[in-house]
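Trainee: Could you take me through the reading of a model like this one, feature by feature?
Mentor: Gladly; here is the structure to work from.

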Amino acid sequence: MLGGAIQRVAPSAVQLVALRHADLPVEDARAVERVVQRERPDWIVNCAGYTQVDRAEAEPDTAQLVNAVGPANLARAARDTGARLLHISSNYVFDGRARRPYREDDPVGPLSVYVRSKLAGEEAVRDMLPQAHLIVRTQWLFGEGGPNFVATILRLARERSELKVVNDQHGRPTYAPDLAVALWKLIACDARGTVHCTNEGEATWFDVARAAIAAAGLKTPVEPCTTADMPRPAGRPPFSVLDCTHYRSIVGYPLRSWQPALGDYVALVSKPLTA
């Protein structure tokens, strides 16, 4: 999803080499070394990720390979060739106990196998590239090209007579194309370190579901419920809103609010098919 968006909004002056998992499995150290040595990039952008949060509880080795070993392989190859590495990470590294949006230097507290693997990836990147890394944490991503909460809600709203959606987890919905543009801006600014980047505005999953259904012109009722009402294998932080002040200080302005971004996405995926 994010990789495709990055391709679509790439600046015309950039020579971009886009690789799928079939082209470059990041968990294969030799393959990573071979490709990076061949291409000699200025930047490596890592959009690869094992994102099945609940499945990771039963597949910890797979999550670790993609989310921790993979970034370590990329960081090692970047170090050996003088490249910089942009690595995507998650709001879920925080435990959700804060009462204000999380800043980049706030203490982390992973609640699941998935997040421990993501945090291990962050640490590997920082350790190997102390002066040449950019870690961007984002959250609640939606967009074309991959499964996401909004697409699931729209499908369920067409299949069911009513929905129940969690209303006690708080975050910032983020539209993949908006994030992709922001990543190119950070690269242009030669940003380093850790940066939080999302669309503006807080929401719960219930808020997002209700807004998506309304934007699609559907009438399916949506009822709020608690996380306890819908238990999942992996823990989620109740409050994981990211503070994006640092991003604004680098680029000069924030991303737009999530509501118009959601409207754009719903309009895109709701277009009737033409012959």
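**Reading helices, their packing and the loops**

Mentor: Helix H4, residues 113-128, has 16 residues which at 1.5 Å a residue should span 22 Å, and the end C-alpha atoms of H4 are 23 Å apart, which agrees. Keep in mind throughout that this is a predicted model.

Trainee: Which residues of H4 are buried?

Mentor: A general idea helps here: an α-helix has 3.6 residues a turn, so residues three or four places apart point the same way. In H4 the buried residues are Val113, Tyr114, Val115, Ser117, Lys118, Leu119, Gly121, Glu122, Ala124, Val125 and Met128.

Trainee: What do the buried residues of H4 pack against?

Mentor: Their partners are helix H3 (60-81) together with two strands, E2 (84-90) and E3 (133-138).

Trainee: Turning to pairs of helices, at what angle do H5 and H7 cross, and how far apart are their axes?

Mentor: For such a pair one reads the distance between the axes, the crossing angle and the handedness, and then the residues that make the contact. The axes of H5 (residues 149-159) and H7 (residues 205-215) come within 9 Å and cross at roughly 60 degrees, which makes H5 oblique to H7. The crossing by which H5 passes H7 is right-handed. On the H5 side the contact is made by Phe149, Val150, Ile153, Leu154 and Ala157, and on the H7 side by Trp205, Val208, Ala209, Ala212 and Ile213. Sorted by class, this contact of H5 with H7 has 10 nonpolar residues, with no polar and no charged ones.

Trainee: How do H5 and H9 pack, in angle and in distance between axes?

Mentor: H5 and helix H9 (residues 258-269) pack at an angle of about 55 degrees, with axes 11 Å apart, and that angle makes H5 oblique to H9. H5 passes H9 in a right-handed crossing. Here Val150, Ala151 and Leu154 of H5 meet Leu262, Tyr265, Val266 and Val269 of H9, and the residues of the contact divide into 7 nonpolar, no polar and no charged. Val150 and Leu154 of H5 thus appear in the contact with H7 and also in the contact with H9.

Trainee: Which residues of H2 and H3 meet, and what classes do they belong to?

Mentor: Helix H2 (residues 29-39) packs with H3 at an angle of about 35 degrees, the axes being 9 Å apart, and the crossing of the two is right-handed. Ala29, Val32, Glu33, Val36 and Gln37 from H2 meet Asn73, Leu74, Ala77, Asp80 and Thr81 from H3. By class, the residues of the contact of H2 with H3 divide into 5 nonpolar, 3 polar and 2 charged.

Trainee: Let us take backbone angles next: what is the phi of Arg40, and where does Arg40 lie?

Mentor: With phi, one looks at the sign and at the residue type, and then at the setting. Arg40 has a positive phi of about 50 degrees although it is not a glycine, and Arg40 lies in the loop between H2 and strand E1 (43-46). Its relative accessibility is 47%, and so Arg40 counts as partly exposed.

Trainee: And Trp140, is that residue buried or exposed?

Mentor: Trp140 counts as buried, at 8% relative accessibility. Phi of Trp140 is near 50 degrees, again a positive value in a residue other than glycine, and the place of Trp140 is in the loop between E3 and strand E4 (141-142).

Trainee: How should one read a residue that meets distant parts of the chain; what, for instance, does Glu202 contact?

Mentor: One sets the separation along the chain beside the separation in space, and then lists the contacts. Glu202, found in the loop between strand E8 (193-196) and strand E9 (203-204), is partly exposed, with a relative accessible area of 43%. Glu202 and Ser257 are 55 residues apart in sequence and 9.1 Å apart in space, C-alpha to C-alpha. Leaving aside neighbours within four places in sequence, Glu202 is in contact with Pro101, Gly171, Arg172, Phe239, Val241 and Trp258.

Trainee: Where does Glu162 lie, and which residues does Glu162 touch?

Mentor: Glu162 lies in the loop between H5 and strand E5 (163-166), and touches Thr220 and Pro221, not counting residues up to four places away in sequence. The C-alpha atoms of Glu162 and Lys219, 57 residues apart along the chain, are separated by 9.2 Å.

How values were computed: Residues are numbered from 1 along each chain as its sequence is written. This is a predicted model: local features need pLDDT of at least 70, side-chain atom pairs count only at pLDDT 80 or more; totals for chains, interfaces and linings use all residues. Side-chain values use heavy atoms; hydrogens and water are left out. Axes are lines fitted to C-alpha atoms, for helices over the stretch in contact, and angles run from 0 to 180 degrees between N-to-C directions. Helices (H or I, at least four residues) and strands (E, at least two) are DSSP runs, numbered from the N terminus. Angles under 35 degrees count as roughly parallel, over 145 as roughly antiparallel, 65 to 115 as roughly perpendicular and the rest as oblique. A crossing is left-handed if the near helix is turned anticlockwise from the far one by less than a right angle, and right-handed if clockwise. Contact means heavy atoms within 4.5 Å. Ala, Val, Leu, Ile, Met, Phe, Trp, Tyr, Cys and Pro count as nonpolar, Asp, Glu, Lys and Arg as charged, and the others, Gly among them, as polar. The expected span of a helix is 1.5 Å times one less than its number of residues. Buried means under 20% relative accessible area, exposed over 50%, partly exposed in between (1.4 Å probe, protein chains only).
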